[in-house]
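Biologist: I am a first-year student, and I would like a careful look at one part of this model, namely an open sheet in chain A, and then at what else can be described around it. Could you take me through it slowly, in connected prose?

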Amino acid sequence: MRPSSEAELAEAVAGAAGPLLVRGGGTRTLGHAVGEVLETAGISGVELYEPGALTLVVRAGTALAEVEHVLAGERQRLAFEPPDLRAILGREGVSTIGGVVAANGSGPRRVQAGAARDACLGVRFVDGTGTVVRNGGRVMKNVTGYDLVKLMAGSRGVLGVLTEVSLKVQAIPEAEATLVVEGLDDAAGLACLRTALGSPFDVSGAARHSGQSLIRVEGMAGSVAYRIGRLKALVGGEATVVEGEESAALWRRVRDVVPLQGKAGEIWRIVTLPTAAAGIVAAVGGTALWDWGGGLIWLLSEPGRGAEVAAAVAGKGHATLVRGQGGPVFPPEAPEVAALVAGLKARFDPRGILNRGMMG
Amino acid sequence: MQMPEPDRGVLERRAAILARLRAVLPADGLIDAPEELRVYECDALTAYRCPPLAAVLPRTTEEVAAVLRVCWEEGVPVVPRGSGTSLAGGAMPTADSVILGVARMNAVLETDYENRFIRVQSGRTNLSVTGAVEADGFFYAPDPSSQLACAIAGNIAMNSGGAHCLKYGVTTNNLLGVTLVRMDGTVVTLGGPWGEPAGLDLLGVVCGSEGQLGVVTEAWLRILPKPEGARPVLVGFNSNEVAGACVSDIIKAGILPVAIEFMDRPCIRATEAFAKAGYPDCEALLIIEVEGSEAEISEQLARIRQIALAHDPVEFREAEDEDQAKRIWLGRKSAFGAMGQINDYMCLDGTIPVSSLPHVLKRIGEMSREFGLDVGNVFHAGDGNMHPLILFDANKPGDLEKCEAFGAEILKLCVEVGGCLTGEHGVGIEKRDLMAVQFSAADMEAQMRIKDVFDPKWLLNPAKVFPLETSAGRRAV
């Protein structure tokens, strides 16, 4: 099914005879959900864009590329740098903004500017009964009623199908530069990322892969030059500065996990404490790309390492199997949390038809 | 303000209920003497008062769980309370309710600079969170005006903001995880120091739920390295429209000041008379603060000056030193006090799209004449969070009601132009009956479902947020 309006989508959900597999572009879907495909890409277009208020209201099926194109026309962008995971997940298709929000897809700048959920100001969605619900709005500060916006961001369609999102956007800064630090082992290379993030120099990216630690700053030209200089002195070692488009290219590689593309094995996405990042990779083995100062690990491992990953991560974060065979994709929740999740699903989707079996 | 009739059964069983509470608390943990309960009969919305059945002051998560378990079994409503600074009546009790105050739970449990978080008990005050880490060069970003007194528990309940959230976001953007006790005494951990949940973002919906989903006893908060320095400028304009256009141009230019504050003429005059900060006598005034090293501050201010001068300001004043910086902030920080010198006031906090600023200010001026009550506007312009201060005389019969009617009209206007009823204070009882202006029945139903899951008996802070007739069927269960 491919409805072309929110009303049509609501009708489709209300009248559904069986489970529905909700899909934006299908570029970042995870898990084993089954059902008739319900595409949102027919519900697209910009509702409202106010560059002077940094707000964009857009229908959920709008292509991410279209959103980025519209923003670039006013020298603005999505602050949370949504990743393109098609290559590592082996997907094709056109990523939609609704899919990005439903997956809370956030890239390197999360350490400074927050995740997709932090940029979401409002949502409209159709719940499992076919009822249209609106929450939040288009203003930066809004505490009127419960915040279902954050709940819907990252909920992967299990509570409702997004039809519209309002986003806080960001001006593209005039300059960026990246400090590339080499010659350090992983433990020392990750420690230097933590040092940078603990400095007052407003780091907007801190990642490591292929033996290099990368530290990014953005802003006005003079400020970027000043901060990158101070950071270079602070972290020491063998460091070079890369600027402009060359710097941007480095961060697209981190964002889209390019270093792990085209390689066989399972891929884990691990969210953890930066200080635990080196130890987890050492314990499991494999090839890692660290982002968020070590707080995010993309780990390419041999198949069947689930038990080792779970043991290494226990009490220090959580791991999702984004590419691999068998086993649960999402980690199990603690029983008292699982009870709340089950209660919410039962109320928002009483027939259990939305992305059944996807999350827990 | 209408509140539900107290549960007679609970009032009649008061002695037995208090005996059960006493049994699960240390000797000084239960307050039941009428004179001591007066402290808890209202919060910062002082127009409405009601003494509670009792107040409890636990020291641990276990004590909170034990208290809630007793109240759940006895069917007693519980009103959680941080420091009682809510301007919306979020901590106002009913006669049949127990106030659960977290004020004694104020310890720092863990500080971790490498992973940039602090874990605190929720009764700790906002400013003392920064106090615990500032010697090491860190701070906690959300800074509500009441930060000296307000508790993290209340900040989480209301998703509090502050003057600096233009750059750093509000509480929900700086909250990593919580320990939450549900009404039946179940202890739940949501989120954690790593910040991103594996499954549904339940933490995101707990933040801002006004104490209706559970009692937060501990929280992991993000801490940030302190910037090297900060400096404000003051810009005066001859019209609100031009000041609003200047704000928009600054934001569009990609400059991200930490704060852009706006004051209109009535407010400027009142503050000048009170604080003598040396503000120009003009129609509208902006205070813009930027952060960074000396060179970075100069670079940003040069850009702001260039933008502001294109709008023909009547004044552009840069702080040359610490003393001048203080004077620029002096008037803004005295604004509420200055208005209070003139009369009683009611402070609203609707948010509007920045582009609607001139229109909304003009309409407020017209309504001020219609209602015959003066109003001054001082607010966070960068994010459209208004704070109209309506002056009235509490001793004059009918004035409070007139003021409330005026306030309701302003909030309806905020919603009409695409904004919302409350940007940072919360709904509480104050804006409860206006919820239908912003939300449809289905929108409110979706929100109430969340409470059904977390608190099926609707015992936690039950008569708040949703209009009484909307929640009636659920509260009766």
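Modeller: What follows starts with that sheet, goes on to the cavities, and ends with chain B.

Please keep in mind throughout that this is a predicted model. The sheet in chain A is an open one made of five strands, which lie in the order E3-E4-E8-E6-E7 and pair in the antiparallel sense. As general background, the strands of a sheet pair through backbone hydrogen bonds, and the pairing may be either parallel or antiparallel. At the edges of this sheet stand strand E3 (46-50) and strand E7 (132-136) of chain A, and each has a single partner strand, so one side of each is left without a neighbour in the sheet. If direction is ignored, neighbouring strands of this sheet are turned by 15° against each other on average.

Let us begin at the edge formed by E3(A), which is joined by four bridges to strand E4 (residues 55-59) of chain A, the two running antiparallel. Within this pair, A:Glu50 stands opposite A:Thr55 in E4(A). E3(A) and E4(A) form a hairpin, with four residues between the two strands, and in the turn A:Leu54 has a positive phi of about 55°.

At the other edge, E7(A) pairs with strand E6 (residues 120-127) of chain A in the antiparallel sense, over five bridges. Here A:Val126 is the residue that stands opposite A:Val132 in E7(A). This part of the sheet also meets the other chain, since helix H16 (residues 441-454) of chain B packs on the sheet and touches E6 and E7 of chain A, with a direction that makes about 75° with that of E7(A).

From the sheet we can turn to the enclosed spaces, of which five cavities of 30 Å³ or more are counted. The largest cavity holds about 370 Å³ of space. It is lined by 26 residues, and those closest to its centre are A:Ala103, A:Asn104, A:Arg156, A:Arg269 and B:Glu196. Strand E14 (266-272) and strand E17 (317-323) of chain A each supply at least two residues of the lining of the largest cavity, and the largest share of that lining, three residues, comes from E17(A). Sorted by class, the lining of the largest cavity divides into 14 nonpolar, seven polar and five charged residues.

The second largest cavity has a volume of about 290 Å³. Its lining is also made of 26 residues, and A:Val22, A:Gly24, A:Gly98, A:Gly99 and A:Ala102 are the closest to its centre. At least two residues of this lining come from each of strand E1 (20-23), helix H4 (97-102) and strand E8 (160-168) of chain A. E8(A) is one of the five strands of the sheet with which we began. The largest share of the lining of the second largest cavity, four residues, is supplied by H4(A). By class, this lining has nine nonpolar, 14 polar and three charged residues.

Chain B has an open sheet of five strands too, in the order E5-E6-E10-E8-E9 and with antiparallel pairing. Its edge strands are strand E5 (108-112) and strand E9 (187-191) of chain B, each of which pairs on one side only, and the twist from one strand to the next averages 10°. Inside this sheet, strand E6 (residues 117-121) and strand E10 (residues 215-222) of chain B run antiparallel and are joined by five bridges, and B:Val120 has B:Ala219 as its bridge partner in E10(B).

Finally, helix H10 (residues 265-275) and helix H12 (residues 322-342) of chain B have axes that come within 8 Å and cross at roughly 90°. Angles of 65 to 115 degrees count as roughly perpendicular, and H10(B) and H12(B) are therefore roughly perpendicular to each other. Among the residues that meet where these helices touch are B:Cys267 and B:Phe274 in H10(B), and B:Leu330 and B:Met339 in H12(B). The contact of H10(B) with H12(B) has nine nonpolar, five polar and no charged residues.

Notes. Residues numbered from 1 in each chain as written. Chains lettered and ligands numbered in written order. Predicted model: local features only at pLDDT ≥ 70, side-chain atom pairs only at ≥ 80, totals over all residues. Heavy atoms only, no water. Pairing = 2+ DSSP bridges. Axes fitted to C-alpha atoms, helices over the stretch in contact; angles between N-to-C directions. Parallel < 35°, antiparallel > 145°, perpendicular 65-115°, else oblique. Contact = heavy atoms within 4.5 Å. Nonpolar A, V, L, I, M, F, W, Y, C, P; charged D, E, K, R; others polar. 1 Å grid on protein atoms, 1.4 Å probe; cavity = no way out; pocket = protein on both sides within 12 Å on 5 of 7 lines; lining within 4 Å. Points joined across faces, edges and corners; volume = space filled by probe spheres on them.
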